[in-house]
Amino acid sequence: MDKTQLEQRIVARGREFFQSISGEAPSIFNKGWWTGKVMDWSMKNEDFKVRLFRFVDVLPALSTTESLTRHIEEYFASDSGDLPPVMKAGLTTAGLAGKLGGKLMAKAISANIEKMGRQFIVGQDAREAVKNIQRLRKDGFAFTIDLLGEATVSEAESEARMQEHLDLMDAVAEAKDKFKPLGDGGSGLDWGGEPVVNLSVKPSAFYSQTKARDFEGSVQGLYNRLAPVYRKVVQMGGAMCIDMESLDYKDITIELFKRLRGADEFRHYPHLGIVFQAYLKCTDQDVAEMLTWARTQNLPITIRLVKGAYWDHETVRAKQMGWEVPVYTIKAESDAAFERVSRHVLENADICRLCCASHNVRTIAAVMETAQALNVPESRYEFQVLYGMAEPVRKGLRKVAGRVRLYCPYGDLIPGMAYLVRRLLENTANESFLRQSFADEADMARLLEDPAAAAERERAARPVGREAAPAPGPFENHPMIDFTLPEAREAFPQALARVRAHGLREVPLFIGGAPVYTNDVLDSYNPADTGEVLARVHQAGTAEIDRALEAAVAVRGSWRATPPAERAEYLLRAAAHMRANIHDLCAVQVLEVGKQWDQAHADLAEAVDFLEYYAREMLRLGAPRRMGRAPGEVNLYQYRPKGIAAVIAPWNFPLAISTGMVGAAIVTGNPVLYKPSGLSSLVGHGLVEAFSAAGLPAGVFNFVPGRSSVMGDYLVGHKDISLIAFTGSLEVGLRIMAKAAVPAPGQLQCKKVIAEMGGKNAIIIDDDAELDEAVQQTVYSAFGFQGQKCSACSRVIVLDAVYDRFVPRLVEACRSLRLGPAENPANVMGPVVDRAAQKSIMAYVELARKEGRVLVERMPGGQDCAAGCYVPLTVVEGITPEHRIAQEEIFGPVLAVMRAADFDQALEYANSTRFALTGAVFSRSPRHLERARAEFNVGNLYLNRGSTGALVERQPFGGFNMSGIGSKTGGPDYLLQFMDPYVVTENTMRRGFAPIEEDDDWV
Ligand SMILES: Cc1cc2nc3c(=O)[nH]c(=O)nc-3n(C[C@H](O)[C@H](O)[C@H](O)COP(=O)(O)OP(=O)(O)OC[C@H]3O[C@@H](n4cnc5c(N)ncnc54)[C@H](O)[C@@H]3O)c2cc1C
């Protein structure tokens, strides 16, 4: 059959299908019911839809009538102008805020939403589920059961999840005899060949420590818990399908499937399936590889093909991370991919059975007709739809194809809310086939159109690329590393090996464009094993500082005269060098300061961003700005460099912060003396390489590592230093300010100090917070890079109402983390930076024991901790603002848990320190978020996300009070601090004649 004939048959089949179900609508669109009315309104009003879906999301967390009423008021009553009449009437007549009528109305709304949720759920307990499944089977539908709930935050939860699946299988096994096989029922199987019991599993729930960068560990962790479940399924003669979640898990899931399918104990058993998502651009290739694998292994498999349920998530995440969007962006492209991939599977029907999971009549018709055209036996494919959706489609399908399976989620509504929100989004999306067919009644011919042709037409109609902006183009953040890519995962061990192959590195100073060796040398070692010395770093004394200053003074004039655009060029070239050597530079950080792979990469990306951003900022600020428009005079506002900068950098963001401060000083025209931390001088030396590769003139950048006790005060107090850019502790910052305030003999200008200092950052967990997210993000913010970030969370303030739900989960999550050297990608927390830090943090652990109740105190196990600078991951509760643990910056993995009576007290606690750097709030109360915006005193406030990870330009970073006295790094004001503004006014009138300027304000 040729393509045209096939196409005609697909359309004819689709028409027939539509006719057979005409006049019917899925219950979610039934306007006779509350749900249908509200859905209808939400499809016409985007703002209401957002509020409604957010409210649906928070609803299960609202455990008291007071909280329910308050949230309904916050979400809906503030502006009832655009509410659906069915809600508006109730809200306005009852009045809200504590009145009896309001409470009743709130209950009614929540009851309706619960009802809506239940519509997609086959049962909240096993009895209900089995009863409903029996009913469905009587109507002729097969089932696959899925236990609601997704990501787990701890191993205890993953273990419980496995047990729930085993229990579910026991419950189903008990009921199994009641299920009569469908179809001809041969050999006790549905339709003569398919197991009656079918389980769908979401793999991510089975191992809480799954992460893309630890591929092997993740596959193994998942396998260990999924195998017992599958064993049980096999024992009872059932089938299992592994669902596909977000892209992060895709390759891990595929490998997990292969290992289960190919395991000796399971090879004989053919009923294992996996899901592929047609919306992913890589699915053609993934499916082709899977089919080849099945053939070479001679293992029959099942593929369930879906379009994919995480489209918004994948696009938003890719955009935020700077990655190529992995999904198609034209809906018809996903539809066309589904038809293409399903054909490929049907062509291999002898080895692979196809489950077509779609509610789209065109898609279904295409699969039916293609299967017939290819003479695929009916037993080799079936159709699947979601329970509670597209009832007319499933009815029509049962009539035409017979073999229809319903995907039946089962369990509590609370873990089910993410699922419900996905279904609501799916039903109400503009692009949704169901919405277009049953709510919008789109033209049938368009709904049945060949998606390949539609996609082509849409592609052609899209505007061609925007005109390229003049170089260097708009700023874009360097992409985050994508560890789902094998090449990204492989790059790290390779780079680590390369760095080690260098052996012990001799690191000289770099002054006036030449290396300088001294007699004072400091070893730099690996904090995970202090016996591994990485570098011998030559130390500057006061004589070398003098020499470096001479070099800087010599070049000061010419560098100042270098046009801003040329100075910016050097930064861009240095950025290019860093990008080209990114993995080796990351590896040095992993070894020298103990950064985990992702943390090291984030530091490098930020370093590149600083260079790229400040280069562009200088182009903006470098152009003189005319002030006023009066004819006959020109006033030009412009900036000149301050002079010579001393940059004193910390070890915790060893390249990023150094590059930011150095890059800013250089691009604004100030030669630099750069003193890296003694703990990260090998990393710091990366700047010598980058600026040398950029061809920066000798003397503009001078690398002067040295002992603070020997040359610190001398450098800061020197008469030729005009500006000090410092990032580090409060204690050192205050000392620098004091020193800089006293003029040295011969000093010609007041010194400018830019100081970024400490933090005692808090995360507030409100009583309606999304706890999965809140736990994960708190753990990451507190213990990522061992808590050694000025932005790290060191206090988590938990509202009383949610304390007993949040804290035990936090504790279990902390107990589940893998600890050990940062070079192992499985480890989330490693050693602290040196013995001194270790000692200081241990003193705080001791203090924590005295001031509160220690909930977690974990050291890495199974290895020689004595060789590294390890401290225990510590969580302590019972802390109030008076405690030292709540006030002092620890710079280590010690997290204080504070219990607050209500949101007022939480804010009061949060603001109770002298620092004001970062803070975060997890809340789904619009009013509380608003209050946090206004009252949480920090330089960087994060709502519903963790407190670390600021990005250049997007989240300019820095605090106030005792946290700093500079304007924000990576922001539009930063460079101004490195320059002095001046104005030149010229009278352009000569003997009554004034030249006309383009922007003069003439009469
Ligand atoms: C039995 C069953 C099991 C399922 N299991 C999974 C699973 O394991 N993993 C999973 O992710 N999903 C799963 N789903 C959900 C499934 O992905 C959605 O139900 C499906 O995408 C809806 O497609 P449709 O053909 O029914 O509807 P249609 O309305 O034709 O398609 C909607 C889909 O098109 C895609 N889309 C929307 N907008 C665009 C755009 N602008 N550009 C490109 N593509 C776009 C999205 O995938 C969206 O879901 C399952 C569904 C069923 C029925």
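**Exercise 1.** In what order do the three strands of the open sheet stand, and what is the pairing?

*Solution.* The structure is a predicted model. Step one is the order: the open sheet runs β9-β13-β12, and its pairing is mixed. Step two concerns the edges. β9 (505–507) and β12 (521–526) each have a single partner strand, so one side of each is left without a neighbour in the sheet. Step three adds the geometry, as the twist from one strand to the next averages 40°.

**Exercise 2.** Determine how β12 and β13 run relative to each other, and identify the bridge partner of Val 521.

*Solution.* In general, strands of a sheet pair through backbone hydrogen bonds, in either a parallel or an antiparallel manner. Here β12 and β13 (residues 529–538) run antiparallel and are joined by six bridges. Within β13, His 538 is the bridge partner of Val 521.

**Exercise 3.** Describe the surroundings of the ligand, beginning with the residues around it.

*Solution.* Begin with the count: the ligand is surrounded by 31 residues, of which Gly 308, Ser 334, Ser 358, Glu 426 and Phe 433 are the closest. Sorted by character, the shell holds 14 nonpolar, nine polar and eight charged residues.

Next, examine contacts to oxygen atoms of the ligand. The side chain of Lys 307 places an N or O atom 2.8 Å from a ligand oxygen. Two backbone contacts may be added: a backbone N or O atom of His 359 lies 2.7 Å from an oxygen atom of the ligand, and for a backbone N or O atom of Phe 433 the distance to a ligand oxygen is 2.6 Å.

Then consider coverage. On its own the ligand has 940 Å² of accessible area, and the protein covers 93% of this. Finally, locate the shell in the fold: the elements giving two or more residues to it are β4 (272–277), β5 (301–306), α13 (331–347), β7 (381–386) and α16 (413–428).

**Exercise 4.** Is Glu 612 buried or exposed, and with which side chain does the side chain of Glu 612 make a polar contact?

*Solution.* Glu 612 belongs to helix α24 (residues 597–622). The relative accessibility of Glu 612 is 10%; the cut-off for a buried residue is under 20%, and therefore Glu 612 counts as buried. Its side chain makes a polar contact of 2.9 Å with the side chain of Arg 579.

**Exercise 5.** Where does Ser 722 lie, and is Ser 722 buried or exposed?

*Solution.* Ser 722 is found in the loop between α27 (708–717) and β19 (723–727). Because its relative accessibility is 2%, Ser 722 counts as buried. A polar atom of the Ser 722 side chain lies 3.5 Å from the backbone oxygen of Lys 642.

Conventions
Residues numbered from 1 in each chain as written. Predicted model: local features only at pLDDT ≥ 70, side-chain atom pairs only at ≥ 80, totals over all residues. Heavy atoms only, no water. Near = heavy atom within 4 Å. Polar contact = N/O pair within 3.5 Å; in protein donor to acceptor, adjacent residues only side chain to side chain. Areas by Shrake-Rupley, 256 points an atom, 1.4 Å probe, with all protein chains shown as cover. Helix = DSSP H or I, 4+ residues; strand = E, 2+ residues; numbered from the N terminus. Nonpolar A, V, L, I, M, F, W, Y, C, P; charged D, E, K, R; others polar. Pairing = 2+ DSSP bridges. Axes fitted to C-alpha atoms, helices over the stretch in contact; angles between N-to-C directions. Buried < 20%, exposed > 50% of the residue type's maximum accessible area, 1.4 Å probe, protein only.
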